[in-house]
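Dear colleague,

I am handing over the structure below, and after it I set out what was found, grouped by topic. Please read the notes with the coordinates open beside you.

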There are 2 protein chains.
Amino acid sequence: MDELEKRFSLLGVEHAPGQEVNLQAKALDLQGPALAGRKVDFSHGDVDAFPPPPASKEAFLQGFAEGAAQAYTEYSGKKAIREQLAADLAAFMGAPVDGDKGLILTAGTQGALFLAVNSLLPYGGDIAIVTPDYFANHKLAAFLGATIHAVPLQYMDDENRAGLDLQRLEEVFAAGVQVFLFSNPNNPTGAVYSAAEVQAIGKLAKKYKVAVIVDELYSRQIYEGRTFTHLCAQAERPDTLVTIIGPSKTESMSGFRLGCAFGTPAIIERMEKLQAIMTLRAAGYCQPLFRVWFHEGPDFIPQRVAAHQEIRDALLDLFRKEEGVTVRSTNAGSYLFPTLPELTVPIADFTSIVKELAQVIVTPGTEFGPEWTHSIRLNFSQDKEAAIAAVKRLLVIMNRYRK
Amino acid sequence: MDELEKRFSLLGVEHAPGQEVNLQAKALDLQGPALAGRKVDFSHGDVDAFPPPPASKEAFLQGFAEGAAQAYTEYSGKKAIREQLAADLAAFMGAPVDGDKGLILTAGTQGALFLAVNSLLPYGGDIAIVTPDYFANHKLAAFLGATIHAVPLQYMDDENRAGLDLQRLEEVFAAGVQVFLFSNPNNPTGAVYSAAEVQAIGKLAKKYKVAVIVDELYSRQIYEGRTFTHLCAQAERPDTLVTIIGPSKTESMSGFRLGCAFGTPAIIERMEKLQAIMTLRAAGYCQPLFRVWFHEGPDFIPQRVAAHQEIRDALLDLFRKEEGVTVRSTNAGSYLFPTLPELTVPIADFTSIVKELAQVIVTPGTEFGPEWTHSIRLNFSQDKEAAIAAVKRLLVIMNRYRK
């Protein structure tokens, strides 16, 4: 296997969310009858159940009507749009955002992540990554031939913090890590980092001169009784910091592929240079959708949070009634990451079986790190009744495969 | 300068097309009065002068109305769309295209290029690149720390072929080049490779086991008396071949950021894995635009070709009247790449001066390779009268700066 082949072997997509259509038929150990019910795909949110803000369509049509002026923008995105967005972000974050030199519009938050990691991590460098965390993080690092220093999240211990192992974080920082990448709220657990944790990260990164990339994709969807701490707004923050956020999740604008990153101007400049050879820019006609973001109307976010909190609570009840299942309640965002009891099949086979027998798609924990052999991730941004019925079917199947 | 800083220093975007809004004010040696006239931006095509096919808007709205089913497609693009496109491409290319395993929908042809180069060229590998060629090609290679083996195009010699130096090509292939990347029709010269040239490339790549990426972005816009030879349809073709094409240019769909690549399934699979961590997919709601491509109606392409040929001829006349200016006629696509006489200022200053004094934006030749110090590139997909007036102003300015 040559070097390139080896790097690509680390990028498997077959169990990744959204790829189920391509899964090869595999001989599965199917036990018991299939369970009827409406298909639910928990691998991502359902934008039919939670549609984008009504103004989205009009914003796109305005962009299209603008023609040339909107088709070919600067690589970092149209200046007038960046300037408005910078003001919106500054108000939300409680920290200044420079719309001219410190903000880039990207092809989804995935695009922002790719650009940020490639702009900060030398080929074959050292990166610290939380485990579990967003499944693409370790793939991004692996593709750059990086040495990955895993920092565990003890997310089951205390629902008032994420549970980051700060001692381990300091060890790997001291050992020469160049970049620390993490999501807050955490994907897949829905944990929110406490103010103390965020401040500790800022302090340690500053002390050891580690660049930090924080993915705050779900930071507008915070449940009752929880607060969120933005690293960029802390007095002690990393000297090099990129914050990533976008309207694909809570706001359901995923089909437009929009995200953004803001932070240290020298890094945003690199990201623009790289975007120029990667996708040129976020789709020009889609960029006006940024004008809708943060302007959905006063009820949009509160209603969306309340509706998701109800679904979360209903599903938590179902999981917690099952012996041997443990699950942390979601502080923010739309994910649950329950731990299942010992099963007679590997977790990736189990998720294939559940799809086959129950028409329920969930993501196996092993997508988030090889050690998550007993976990599954569900994105519960779904029709509530359909989601409840689907989790009931999933649990029936689970009980058939208990050891 | 560390390794990462060095690689990014090779990716300057300040003189790249579309970036003029960000150009720093620089003290220019402005000679003579400004010339009034409508601003023309020759750095890219004007989609207001040549709008996308009328069905484009409806196709987007249908995608948006489909909601979840179109927002989250496979990373390689929605299967039903890939299958239709594969049939359209096969008919156009005269070669089979596998819509299941051999085709990927990407975020523009730039996205396809980025994925293809990263999927074939190891970090620090060896790549052969034509000079002049699309300005991002050498940046893509430089970002991967590659050794670039330049292969000259003697494009002024004979308008019946592109003028590739085949002897040099064989030398660098024999010396261990892993990938050969070229555009046909050539950007920036508008030259089309002859059948003999394309066949020679196929034969040499096969002999030396070099992977080939051919960017055929402009291959639907072929002028009177010219024919086009697709490498993928030749009997002797490279064992590893990726062909790139998209609807951004002739079809004016650039604002949707769509492109595609087809070819060797093992490489398309790598490209999908990489796209999964780069931008996830081409914007879901934009993907239905691929259904409009190749189905614009029988008159769309012939009319577009005829209209562009008229503009080409008018601009060629203007350039050829000037002493010391040489220019090859465009075989295909919308580019002219005239060589200007000796000027008293560097070419990148000259293009800034022309913008300032004449409201005319052209791309300096040095974007296409450091040796093109006397060339400028114009994309003449513009309003005809505005383009003629703009070139007249450009030539007035040029004459002020003759040595």
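Leaving aside neighbours within four places in sequence, Leu378(B) is in contact with Phe42(B), Phe319(B), Ser334(B), Tyr335(B), Leu336(B), Pro338(B), Val362(B) and Val391(B). This leucine belongs to strand S12 of chain B, and Leu378(B) counts as buried because its relative accessible area is 0%, where the cut-off for burial is under 20%. Leu378(B) also lies 8.4 Å from Ile361(B), C-alpha to C-alpha, with the two positions 17 residues apart in sequence terms. Please keep in mind throughout that this is a predicted model.

A comparable position in chain A is Leu105(A), which is found in strand S2 (residues 103-107) and is buried at 0% relative accessibility. Leu105(A) and Phe262(A) are 157 residues apart in sequence, yet their C-alpha atoms are 9.0 Å apart in space.

Turning to the arrangement of the chains, chain A is superposed on chain B by a rotation of 180 degrees with 0.0 Å of shift along the axis, and the RMSD is 0.0 Å. That is the relation of a two-fold axis. Of the interface residues of chain A, 99% are also interface residues in chain B, so the copies meet through the same surface.

The largest nonpolar core has 200 residues, and those with the most contacts inside it are Leu89(A), Phe180(A), Leu89(B) and Phe180(B). To take one of these, Phe180(A) touches, beyond the residues up to four places away in sequence, a set that includes Ala128(A), Val130(A), Leu164(A), Leu169(A), Phe173(A) and Ile201(A); Val210(A), Ala211(A), Val212(A) and Ile213(A) are also among the residues touched by Phe180(A).

On the aromatic side, a search of the whole structure finds 43 aromatic pairs over all chains. In one of them, the rings of Phe290(A) and Trp293(A) have their centres 6.1 Å apart and their planes at 50 degrees, so the pair is tilted. Phe290(A) is buried at a relative accessible area of 1%, and Trp293(A) is buried at 0%. The rings of Tyr155(B) and Trp372(B) likewise form a tilted pair, with centres 5.7 Å apart and planes at 55 degrees. This second pair links distant parts of the chain, since Tyr155(B) sits in the loop between strand S4 (147-152) and helix H7 (166-174) of chain B, while Trp372(B) sits in the loop between strand S11 (363-364) and strand S12 (376-379), 217 residues apart. Tyr155(B) is buried at 4% relative accessibility, and Trp372(B) is buried at 14%.

Ring pairs also join residues of both chains into a cluster, made up of Phe60(A), Phe64(A), Phe256(A), Tyr285(A), Phe60(B), Phe64(B), Phe256(B) and Tyr285(B). In addition, two arginines of chain B lie over ring faces: Arg7(B) over Phe143(B), at 4.7 Å from the ring centre, and Arg312(B) over Tyr223(B), at 4.9 Å from the ring centre.

As for the helices, eight of the nine residues of helix H6 (residues 135-143) of chain A are buried, so the helix is largely enclosed by the rest of the structure. Among the buried residues of H6(A) are Phe135(A), Asn137(A), Lys139(A) and Phe143(A). Just after H6(A), Gly145(A) takes a positive phi of about 65 degrees.

Some backbone features deserve a separate note. Most residues other than glycine have a negative phi, and most peptide bonds are trans. Phe294(A) has a positive phi of about 70 degrees although it is not a glycine; Phe294(A) lies in the loop between helix H9 (265-278) and helix H10 (300-320) of chain A and is buried, with a relative accessible area of 16%. A cis peptide bond joins Asn187(A) and Pro188(A), with omega at about 25 degrees, and Pro188(A) is placed in the loop between strand S5 (179-183) and helix H8 (195-208) of chain A. In chain B, the peptide bond from Thr131(B) to Pro132(B) is cis, with omega near 5 degrees, and Pro132(B) falls in the loop between strand S3 (126-131) and helix H6 (135-143).

With best regards

Note on methods:
Residues numbered from 1 in each chain as written. Chains lettered and ligands numbered in written order. Predicted model: local features only at pLDDT ≥ 70, side-chain atom pairs only at ≥ 80, totals over all residues. Heavy atoms only, no water. Least-squares fit on C-alpha atoms with pLDDT ≥ 70 in both. Contact = heavy atoms within 4.5 Å. Core = buried A, V, L, I, M, F, W, Y, C linked by side-chain atoms within 4.5 Å. Buried < 20%, exposed > 50% of the residue type's maximum accessible area, 1.4 Å probe, protein only. Phe/Tyr/Trp six-rings, centres within 6.5 Å; stacked < 30°, edge-to-face > 60°. Helix = DSSP H or I, 4+ residues; strand = E, 2+ residues; numbered from the N terminus. Lys NZ or Arg CZ within 6 Å of the ring centre and 35° of its normal.
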